[in-house]
Protein chains: 2
Amino acid sequence: MQNLLSNLKITINDKLYVKDPETSELGRNILKNSIILIDEIGFEAFTFKKLGEKIQSNESSIYRYFENKHKLLVYLTSWYWSWIEYRLAFATTNVSNPIEKLEKAIRLVTENVVDDNTTPHINEEILNRIIVGEFTKTLMTKEVDNENKEGFFLVYKRVINRLIDIIKEVNPDYPYAKSLASSVVEGALHQHFLKNHLKTITNLSEKECATEFYTDMTKKILA
Amino acid sequence: MQNLLSNLKITINDKLYVKDPETSELGRNILKNSIILIDEIGFEAFTFKKLGEKIQSNESSIYRYFENKHKLLVYLTSWYWSWIEYRLAFATTNVSNPIEKLEKAIRLVTENVVDDNTTPHINEEILNRIIVGEFTKTLMTKEVDNENKEGFFLVYKRVINRLIDIIKEVNPDYPYAKSLASSVVEGALHQHFLKNHLKTITNLSEKECATEFYTDMTKKILA
DNA sequence: ACATCATGATAGTATTACTATTATATTTGC
DNA sequence: GCAAATATAATAGTAATACTATCATGATGT
């Protein structure tokens, strides 16, 4: 799997960039350091000017890769969900037992992420922190409907749909497979956020992880 | 209940405003029209200047009530959760059967909101739309921890805690009462958002409402 | 009648989110 | 090896945002 991923380029909707950042040193530098900087100062305070200073490049050069910071963030989140989708596909193929497949899938979308080292310019662990704190903001804008039509959220929906299929395999009669799948994926992000900032309204902690909560939940619901 | 609520003033953390907007005509006008304007153009595009134009008042006058638009939004969301908490308390007291109590609570935090007419300057139905689209943004900032210490999110946490208590009444042995409660409340908002914008990954629709999904979920989990 | 307070009007600042232009490297194609 | 094409850097400029500050006006209260 390591080798496969390092040979495989994750493809992102080309409406999200002006120039493909994967094709140049500067582009990859923009990706790498935008992740670090957004994590450091938050997306609201993040600007192309600050990023330019960080990578000792110019604001105007960054604009040649991305129209604006929102599209850069959607690019990064698409990258993340592609990476998840890839690992999800890999972890669940050739698993014949539906319950076992579901467990593996739930684990993958709920567990803590660690950097996978195959992509030197993307630190998945930091990227995951950005997803936890910023992903829903990419959806919750006045432009969702247009951006959805443009396919900006296709990868995310594909991840959810894979989970929907697995849920249906486990219990074809359960009437809310879609809502359950989207609840697990988005809910896990939210629980991770609560764990870090509003600890009193979550059971997650260093010991107790999201995987257990969601595995228990889905098994009972689909039983 | 109608009468009670109209006599009762919802109290908001006084660090959220410079001058209490409930104490003047202009203040109530700010509340009323900020809700309408945020719903119309979204929080990102919302500015005090635009609000001033809408209410034929001056930008500088609005700054006498709220330091910035973020605090205004946190004020509005606190108002909303206070209103929910009040109705939640009312709907669940004197209900002896825990399951019935849980059902009522779940209904209250998941169902579609309709304007309640007791507060002429707050349209709860529009406010609910703002909550669906903007609430998590008030949490997901670099200032969460400080603002949490200041008590900005106390009312929200109180709503969750009421639900936690009811969940525990139904099943004292269930180990994830906190995560379940926060999942239901935040998840319901998210499902409403999906219903309006990413319909393919939710089962909610005009017919099928969030209440059924979450009632079914919690009953199975706590059985 | 006077003081206080709320609101309005205007001006000003630093920052953001860009666009445009020109200059300077670097790559590549022949 | 050199010209042409391309990428990047530097600079300037604009409109909007998110404020702060000051002063004028008008209403209220004693």
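Buried area, as I use it here, is the accessible area (1.4 Å probe) that two parts lose on being put together, summed over both. I should also note at the start that this is a predicted model.

**Entry 1: the two protein chains**

I began with the contact between chain A and chain B. How much area is buried between chain A and chain B? I get about 4,400 Å², and carbon and sulfur atoms give 60% of that. Next I looked up which residues of chain A supply it. Met140(A), Tyr176(A) and Ile201(A) come out ahead of any other three residues, with 17% of the area that chain A buries against chain B. As for residue counts, the contact takes 51 residues from chain A and 51 residues from chain B.

**Entry 2: how the copies are related**

I then superposed chain A on chain B. What rotation does that take? The answer is 180°, with 0.0 Å of shift along the axis, and the RMSD is 0.0 Å. The two copies are therefore related as by a two-fold rotation axis. I also checked which surface each copy uses. Both copies use the same one, as 100% of the contact residues of chain A recur in chain B.

**Entry 3: around DNA strand C**

Now the DNA. How many residues surround DNA strand C? I find 17, and the closest are Tyr63(A) and Asn68(A) from one chain, with Ser57(B), Arg64(B) and Tyr65(B) from the other. Of the atoms of DNA strand C that come within 4 Å of the protein, sugar and phosphate account for 57%.

I sorted the residues of this surface by character and got three nonpolar, eight polar and six charged.

Then I went through some polar pairs one at a time:

- Tyr63(A) has a side-chain N or O atom 3.4 Å from a sugar or linking oxygen of DNA strand C.
- Lys19(B) places a polar side-chain atom 3.5 Å from a phosphate oxygen of the strand.
- Ser60(B) has a side-chain N or O atom 3.4 Å from a base nitrogen of DNA strand C.

Which elements give two or more residues to the surface near DNA strand C? They are helix H4 (59-63) of chain A and helix H4 (59-63) of chain B. H4(A) gives the most, with three residues.

**Entry 4: the record**

Last, I looked at the annotation. The unreviewed UniProt entry has a "DNA-binding region" that covers residues 47-66 of chain A. In the model, that stretch of chain A is 60% helix and 0% strand. Its end C-alpha atoms are 12 Å apart.

Notes
Residues numbered from 1 in each chain as written. Chains lettered and ligands numbered in written order. Predicted model: local features only at pLDDT ≥ 70, side-chain atom pairs only at ≥ 80, totals over all residues. Heavy atoms only, no water. Near = heavy atom within 4 Å. Polar contact = N/O pair within 3.5 Å; in protein donor to acceptor, adjacent residues only side chain to side chain. Helix = DSSP H or I, 4+ residues; strand = E, 2+ residues; numbered from the N terminus. Nonpolar A, V, L, I, M, F, W, Y, C, P; charged D, E, K, R; others polar. Least-squares fit on C-alpha atoms with pLDDT ≥ 70 in both. Contact = heavy atoms within 4.5 Å. UniProt positions renumbered as here; feature names shortened; annotations may be inferred.
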